[in-house]
Amino acid sequence: MKKTITLFVLCLMCAATALAQQPKYVFYFIGDGMGLNQINTTELYLASLNNKLGIEHITFADFPYSTFATSFSASSDVTDSAAAGTALATGHKTKNGMLGMSADSVARNSIAVWAKNSGKKVGICTTVNIDDATPGAFYAHQTYRGHYHSIGHDLAKSGFEYFAGSDFRRPEENGVELHKVCEDAGYTYAYGYEEGKAKWANADKLIMVQKKDRPRNIPYAIDRNENDLTLPQIVETGINMLMKDNKKGFFFMVEGGAIDHACHGKDAMTTIKDILDFDDAIKLAVEFYKKHPKETLIIVTADHETGGMVPGNGRYELNLKALQYQTCSTDAVTHKLNAIKKNRMKKTWEDIKEVLSESFGLFTQVPVSWRDENALHEAYEAAFEGNAKEENWYSTNSALAAKARDILNKNAMVSWASSAHSGCYVPVFTLGVGAEKYHGRINNIEIPEITAKIAGYKK
Ligand SMILES: [Zn+2]
């Protein structure tokens, strides 16, 4: 009898320990395109500003546990964001382009759905469009990531409490308006951070997007002004929304989506600024963790690497501090140059040099050799007299802006292998309850499985 009671008490204790070790709150941060070199370059850059060799620490790179994961998909060694997002969300490899489905076209629920089915509140947010591949992988099931309107319908059906990012890419199709569909499904729309602050307390479910008088798509961190949404504002509003009347906890996926776009554009400073914005958002999760240390798990990873970014270009040195003189993205420089061209403003080469100096620090802060100036001048003629461009997946840059960016990269000694994704491993950093469970080389499909197991989600 005594033995039975002891066993019973032991079982109770084990069950209590298991429960105590389950994180009630899970943050899942995904830096799109953020390979280890993107993080390393950011930390080397920060140190260079203080004329220091080595690194200045960013928050998430200091998490107590870190490892690395594969990124290949079911159809290619080089994944796209749809297949990688699906792997990180559902635990299934799929073919590039497919969203929320395994390679055999079977719809697969994501860890966000498992969390919801376990009574958790769910938030999904990003710095790019809320119907983009990474966020979409958590709520949509589509054979092709470009079915944006259908992805929007899947979002409305998800019932998740919080979405934030840039608005739908295809808000209307065949007379059906997605805002209306979302409102009918119980979502409140908030345009901008201030509106989000005013509305979250009374909203059952909230979608926060840019202010109506600002560009629909959230600009890169380097291009933002005080009226644009930032990732920290999105996370702050999300935590408020998800903690409201919350007894069972939450699952919150946060994507630094524009890191990928900047890397497609081989734009080093724009990449670094978006990683710092991502890190600022993670700091809020760390503050939350400090208030709830026994109940919080934070995972930071990436879906794949973009651009084959390398700090180094052949010499045993770096000059990353040259990047500090870049004041806007290459896309924004293209915009300026296109405006000059369109308005047929009479601009001399000296005037154009001034634009390149304001935007990239060229000529004034960053020396330009006569050979490079010749190359810039040729690009200027090709872009202004002809229509020379450089295209990548997300933007089309003026050949002149692209050449100026290349010269800054060369000066800073940053190299890029391509303007597309690579098959590199991606980093995984973890903090909090169960953080030690992510170890050894991980296949990316294991991340949602490990997380669900730690958090006790019902599939
Ligand atoms: Zn990409």
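Helix α14 (residues 370-384) and helix α15 (residues 399-412) have axes that come within 7 Å and cross at roughly 160 degrees. This is a predicted model, in which local features need pLDDT of at least 70, side-chain atom pairs count only at pLDDT 80 or more, and totals for chains, interfaces and linings use all residues. Residues are numbered from 1 along each chain as its sequence is written.

A word on the geometry: axes are lines fitted to C-alpha atoms, for helices over the stretch in contact, and angles run from 0 to 180 degrees between N-to-C directions. Helices (H or I, at least four residues) and strands (E, at least two) are DSSP runs, numbered from the N terminus.

The α14 and α15 pair is therefore roughly antiparallel, a label for angles over 145 degrees, while under 35 counts as roughly parallel, 65 to 115 as roughly perpendicular and the rest as oblique. On the α14 side, Asp-372, Ala-375, Leu-376, Ala-379, Tyr-380, Ala-382 and Ala-383 meet Ala-399, Leu-400, Lys-403, Ala-404 and Ile-407 of α15 (contact: C-beta atoms, placed from the backbone, within 7 Å).

Helix α15 also packs with α12 (residues 330-342), at an angle of about 140 degrees and with the axes 8 Å apart. That makes α12 oblique to α15. Here Thr-330, Val-333, Thr-334 and Leu-337 of α12 touch Leu-400, Ala-401, Ala-402, Ala-404 and Arg-405 of α15.

By class, the two contacts look like this (nonpolar: Ala, Val, Leu, Ile, Met, Phe, Trp, Tyr, Cys and Pro; charged: Asp, Glu, Lys and Arg; polar: the others, Gly among them):

| Contact | Nonpolar | Polar | Charged |
|---|---|---|---|
| α14 with α15 | 10 residues | no residues | 2 residues |
| α12 with α15 | 6 residues | 2 residues | 1 residue |

Next comes α16 (residues 446-455), where Ile-447, Pro-448, Thr-451, Ile-454 and Ala-455 are buried (20 or more other C-beta atoms within 10 Å of a residue's own; 12 or fewer is exposed, in between is partly exposed). Seen down the axis of α16, these buried residues fall within an arc of 130 degrees, so they line one face of the helix; the arc is that of the directions from the helix axis to the C-beta atoms. They pack against β1 (25-31), β2 (65-69), α3 (81-90), α4 (111-117), β10 (296-302) and β17 (426-432). Gly-456, which follows α16, has a positive phi near 70 degrees.

Finally, Asp-62 sits in the loop between α2 (36-49) and β2. Asp-62 is exposed, with 11 other C-beta atoms within 10 Å. From Asp-62 to Lys-291 the C-alpha to C-alpha distance is 19 Å, with their positions 229 residues apart in sequence.

Key
Contact = placed C-beta atoms within 7 Å.
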